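Biologist: Hi! I'm new to this one, so could you walk me through it?

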Amino acid sequence: MQTWSLVSISVLLAVLVRWGVSLNSYSGAGKPPMFGDYEAQRHWQEVTYNLPLQQWYFNTSDNDLNYWGLDYPPLTAYHSWLCAYVANILNPDWVELHRSRGYESPAHKLFMRTTVLVTDVLIYIPAVVLYCLYLTDGSAKRRVSILLSILLYPGLILIDYGHFQYNGVSLGFALWGVLALGLGWNSLGSLAFSLALNYKQMELYHALPFFCFLLGKCIKAGLIGRGFVLLVKITATVLVTFGLCWLPFLPDNSQVLQVVRRIFPVARGLFEDKVANTWCSLNTLIKIRSILTSDSQLYLSLAFTLLAALPSSIRLLMKPTFWNFKLALVNSSLAFFLFSYQVHEKSILLAALPVCLLLNEFPLMCVWFLQASTFSMLPLFLKDGLLVPYTVTFLGFPFLTVYLLSALDDCSEDELKLGICGKLFPLIPKIHLACIMKWKFYISMALMAVLSVLSVVMDPPPHLPDLFPVLVSTTAFMHFLGVFLHFSMVQFMEPPRKKSRKKNN
Amino acid sequence: MAAQAESWSWFTALAVGVSLFKCLFINAYHSTDFEVHRNWLAITHSLPLSRWYHENSSEWTLDYPPLFAWLERGLAQAARHWDGDMLRLDNLNYASPATVLFQRLSVVCTDLLFIYAARECCRCIRVQKAPQVVLSQPSFVLAVLLLWNFGLLIVDHIHFQYNGFLFGFLLLSVARHLQSRHLQGALLFAVLLNLKHIFLYVAPAYGIFLLRSYCFTLDRPDGSIRWSSFAPLRLLALGSIVVSVFALSFGPFVAMGQLSQVVSRLFPFRRGLCHAYWAPNAWALYSGADKALAVLGVRLKLLQEAELPRAAMTGGLVQEVQHAVLPSVPPAATLLCTLLAVLPALVSIWRRRRGNRAFLRCLLLCALASFLFGWHVHEKAILLAVLPLSILAVESREDAGIFLVLSTTGHYSLFPLLFTPAEMIIKVCLMVMFTIYSFTALGNLHRSQGSLLCPMEVVYLLGLAAVAIACEFIFPLSPWRQKLPFLPLLATSVYCAVGVSYSFLRLYATLLRSNNKRKQL
């Protein structure tokens with residue numbers, strides 16, 4: 001079979017699965033007065049289409065910021081405006097100021113879902129295809145398997161097409177950045193990543209590795225000679241991209257400040273809801289939020305985040321290889337997710353993207369992590385009425401990937417990159433380690449399945465109403481922490497020789 | 001043994017994958033057939049046997065044979081614990097989320113039989129040398145063509161029907177015949193007839209084949225029948241199997257004296273020549289020609305527009321038709337045409353002992369002939385030819401070519417089944433996906449023997465793409481939408497009818513030609 005046909009079949013299958021999920025409910029469907037993220041996106045369309053740009057981020061009589069005020073950077077706002085423009089042509093009721101609040105209809109749902117699919121097909125899917133075709137090792141079949149696995153990652157599909165968000169855009173831009181850097185087009189890469197940052201500020205999770213990788217490349221090329229030219233080019237690209245994105249806001253300083261204040265809502269506390277990061281999990285033992293002031297919470301989380309993210313980034317700065325870059329992306333985003341301030345459960349998608357990129361090298365670890373990341377959002381999916389698509393994709397993804405990537409056969413390869421384990425525990429024979437890994441995988445899958453079933457079927461005891469969400473987030477947290485430690489260790493060992501030669505560009 | 005089990009792991013992956021894929025469409029659009037089956041659940045659950053075929057409080061009366069009614073009764077036993085309200089007779093158009101989930105899952109679960117049948121079919125494949133790569137093994141290709149069949153997916157899992165289960169019986173029975181386990185095959189087919197009587201269309205192929213190849217054990221040297229080799233015991237065995245199945249199914253109704261009532265429900269001849277959406281068959285061509293002649297006649301002033309009967313055909317309702325210029329077609333004529341069309345095929349497998357493959361070919365011809373000439377044919381009936389043809393397609397290059405033409409046209413003619421905008425993307429993507437796969441996989445399979453399609457066929461299929469784009473995208477935006485709402489349906493049916501008829505003729509040619517070859521030898 002020709003590669004093109006396999007690739008197109010994979011892409012079509014991915015589109016079909018996405019659309020199949022999108023036939024289901026969305027966040028806040030039929031739940032006035034606040035609804036959910038779906039209404040938030042629609043409301044932004046309404047605001048951006050009807051109000052002058054200067055009022056978008058300000059609380060005015062026409063723009064109640066307490067009702068889903070715009071809190072993403074300008075590119076999101078422009079995107080909303082573009083969607084609203086189309087929406088206004090199709091049906092002006094969808095974006096009419098004030099009166100369209102809480103608007104819901106099958107036709108509107110179809111429109112909103114289509115906008116997500118369009119951005120995905122334009123930005124995210126091509127990036128994944130190109131990444132798998134050009135930056136993945138192995139046979140054509142292997143590459144297509146990786147492609148299919150990445151495209152069918154349930155977490156992103158369920159959030160974008162079920163819950164309703166446009167993560168495909170920011171993640172897609174970030175992936176375009178990774179792709180361009182991997183192919184050696186540094187300016188294009190920084191352009192793409194700047195766009196990602198301007199679409200969602202959460203992309204800062206990836207900023208450190210991007211910065212260190214580019215800086216490291218410049219240093220390696222010699223900061224006095226070619227490296228300097230490169231540095232100037234990259235800096236100029238970033239500055240120009242940012243300038244263009246913020247251009248309408250630039251003339252007025254108060255505008256810029258207001259946007260920044262909206263984007264980084266420091267006042268919202270260390271964490272909300274139940275999220276599978278350190279602070280929330282620690283909260284079951286120590287009530288941090290009542291012990292520390294909010295300022296010290298901020299500094300504490302900042303310190304921990306930097307402490308966790310810096311080692312891998314410094315390592316990347318010293319050895320700017322693509323291999324290190326991918327690992328640093330994983331480590332940095334996980335460090336941010338685990339330790340930073342005001343984390344949402346959906347932010348795990350930012351860690352899931354770079355993990356997807358490592359599927360070829362660490363099939364088992366990555367499938368495991370991706371599965372845990374989908375699981376960590378279970379309470380959200382249940383709230384949105386996405387039980388059926390969650391069940392289908394939660395069962396299908398590990399089955400498919402384990403089959404396609406023969407993940408369970410390759411445990412030994414995992415050890416290969418974990419030489420340090422062999423040194424630490426010399427008594428465990430290699431074959432046992434593979435066996436232990438396999439069983440750990442099975443047990444954790446079973447645990448997640450059981451917790452999923454319990455969350456759906458059982459009512460929690462009255463004095464512990466949050467029992468299941470807490471169990472889910474704590475379980476997921478352990479997985480994330482384990483993966484973080486694993487990939488940190490991997491990064492600080494010599495890369496396997498075969499890979500390093502190919503990846504050094 | 002372990003190695004053999006290992007080599008089939010891909011089948012499990014395909015089957016599990018497609019089953020989960022089906023579950024994604026639980027909340028998709030479903031047609032009135034959903035309510036039809038819900039109503040049957042209610043009828044079979046809450047009424048005694050004697051009322052099943054009399055009940056008519058809903059317009060969707062029970063019009064499948066008794067064994068299917070028993071299946072519904074079995075499902076109702078499970079439904080009782082799920083959402084008992086769906087079993088109330090007066091609860092018309094009831095579609096709570098639990099009901100939808102239950103009905104959809106019942107289709108996915110009954111499809112397990114289809115999956116098993118597909119696996120048996122894959123085992124019957126004759127291969128000269130099995131390639132190492134799984135993707136280019138004929139059995140893998142066949143498994144994908146069957147399990148991921150576009151038509152079955154949209155008809156069963158979006159439109160809503162139980163065809164997968166029924167085709168499971170058919171394919172299993174075909175597989176048993178290919179494995180020369182004829183009694184089992186006959187039993188399965190008898191059961192199938194009592195599940196859905198549309199399969200009567202292919203019964204002649206079964207009857208002639210079993211009589212000729214199973215009941216006569218020896219041939220003359222020239223291959224013709226040796227009457228003395230008749231094995232009465234075999235006929236008796238076959239007969240008792242068939243009779244007992246029918247007795248089990250219809251016996252109770254005969255005992256209650258309701259046979260005529262049941263039969264009148266099963267064969268409603270009051271319906272029109274063409275189904276709501278025209279199936280791409282000979283009558284579509286006939287009606288198309290009639291329409292063209294009428295328009296031409298009015299243009300040339302040979303006909304008065306006021307004299308023409310209102311073109312009821314195009315209204316999209318199931319009702320009587322009157323043709324404007326050409327004579328109207330009575331049901332008897334369609335029956336006669338169908339019989340005439342299958343006769344040469346039946347004669348050919350009677351006159352000479354032929355292999356099990358010739359039986360399959362004859363079955364396909366019966367299916368296609370009845371599709372082309374039958375009365376009130378549903379466009380879904382094309383699956384009756386497409387699915388079994390998949391088996392032949394992976395074995396020979398010529399059949400692969402026929403399969404590509406037939407499956408593409410036949411599947412495209414299913415498009416009007418899903419007309420809701422949300423399902424548009426699904427039908428287009430799924431169709432493109434299946435078509436790309438079947439073209440590349442079959443081309444890859446037979447690549448040593450040159451290309452599968454001749455230039456004319458390529459042009460025809462490209463034309464189909466053009467018709468599709470014109471009908472689905474351009475026409476809704478054009479001013480003709482108000483004036484000629486039936487035009488896309490007409491164009492689609494007529495264009496697809498050409499492809500289906502062509503496939504029919506070519507398939508006939510392969511059967512008769514192999515006959516001649518045998519004669520020359």
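Modeller: Happy to; we can talk about the interface, the salt bridges and a few unusual backbone spots.

Biologist: What should I know before we start?

Modeller: This is a predicted model, where local features need pLDDT of at least 70 and side-chain atom pairs count only at pLDDT 80 or more, while totals for chains, interfaces and linings use all residues. Residues are numbered from 1 along each chain as its sequence is written, chains are lettered from A and ligands numbered from 1 in the order in which they are written, and side-chain values use heavy atoms, with hydrogens and water left out.

Biologist: Okay, how many residues do chain A and chain B each bring to the contact?

Modeller: Chain A brings 26 residues and chain B brings 30 residues. Contact here means heavy atoms within 4.5 Å.

Biologist: And how much area do chain A and chain B bury between them?

Modeller: About 2,500 Å², with 84% of it on carbon and sulfur atoms. Buried area is the accessible area (1.4 Å probe) that two parts lose on being put together, summed over both. On chain A's side, A:Met1, A:Leu16 and A:Leu23 supply 26% of the area buried against chain B, more than any other three residues.

Biologist: Which helices of chain A supply at least two residues each to the side that touches chain B?

Modeller: Those are helix H1 (3-22), helix H4 (106-134) and helix H18 (387-404). H1(A) gives the most, with 13 residues. Helices (H or I, at least four residues) and strands (E, at least two) are DSSP runs, numbered from the N terminus.

Biologist: What classes of residue make up that side of chain A?

Modeller: It has 19 nonpolar, 6 polar and 1 charged residues. Ala, Val, Leu, Ile, Met, Phe, Trp, Tyr, Cys and Pro count as nonpolar, Asp, Glu, Lys and Arg as charged, and the others, Gly among them, as polar.

Biologist: How many salt bridges are there between chain A and chain B?

Modeller: The count between chain A and chain B is 0. A salt bridge is a side-chain nitrogen of Lys or Arg within 4 Å of a carboxyl oxygen of Asp or Glu. Over all chains, a search of the whole structure finds 19 salt bridges.

Biologist: Let's look at some. What does A:Lys346 pair with?

Modeller: A:Lys346 forms a salt bridge with A:Asp37, and the closest N and O atoms are 3.1 Å apart. The two sit in distant parts of the chain, 309 residues apart: A:Lys346 is in the loop between helix H14 (322-339) and helix H15 (348-357) of chain A, and A:Asp37 is in helix H2 (residues 37-50) of chain A.

Biologist: Are A:Lys346 and A:Asp37 buried or exposed?

Modeller: Both A:Lys346 and A:Asp37 are buried. Buried means under 20% relative accessible area, exposed over 50%, and partly exposed in between (1.4 Å probe, protein chains only).

Biologist: What about chain B? Which residue does B:Asp111 meet in a salt bridge?

Modeller: B:Asp111 meets B:Lys22, at 2.8 Å from N to O. B:Asp111 lies in helix H5 (residues 97-123) of chain B and B:Lys22 in helix H2 (residues 9-23) of chain B, so the pair ties together parts that are 89 residues apart in sequence. B:Asp111 is buried, with a relative accessible area of 3%, and B:Lys22 is buried too, at 5%. Elsewhere in chain B, a network of salt bridges links B:Glu398, B:Glu457, B:Arg506 and B:Arg513.

Biologist: Changing topic: which peptide bond is cis, with omega near 5 degrees?

Modeller: That's the bond from A:Pro32 to A:Pro33. A:Pro33 lies in the loop between H1 and H2 of chain A.

Biologist: Why would I notice that?

Modeller: Most residues other than glycine have a negative phi, and most peptide bonds are trans.

Biologist: Then what is phi at A:Phe164?

Modeller: Phi of A:Phe164 is near 95 degrees, a positive value in a residue other than glycine. A:Phe164 lies in helix H6 (residues 154-164) of chain A, and counts as buried because its relative accessibility is 0%. A:His98 also has a positive phi, near 65 degrees. A:His98 is found in the loop between helix H3 (74-90) and H4 of chain A, and is partly exposed, with a relative accessible area of 39%.
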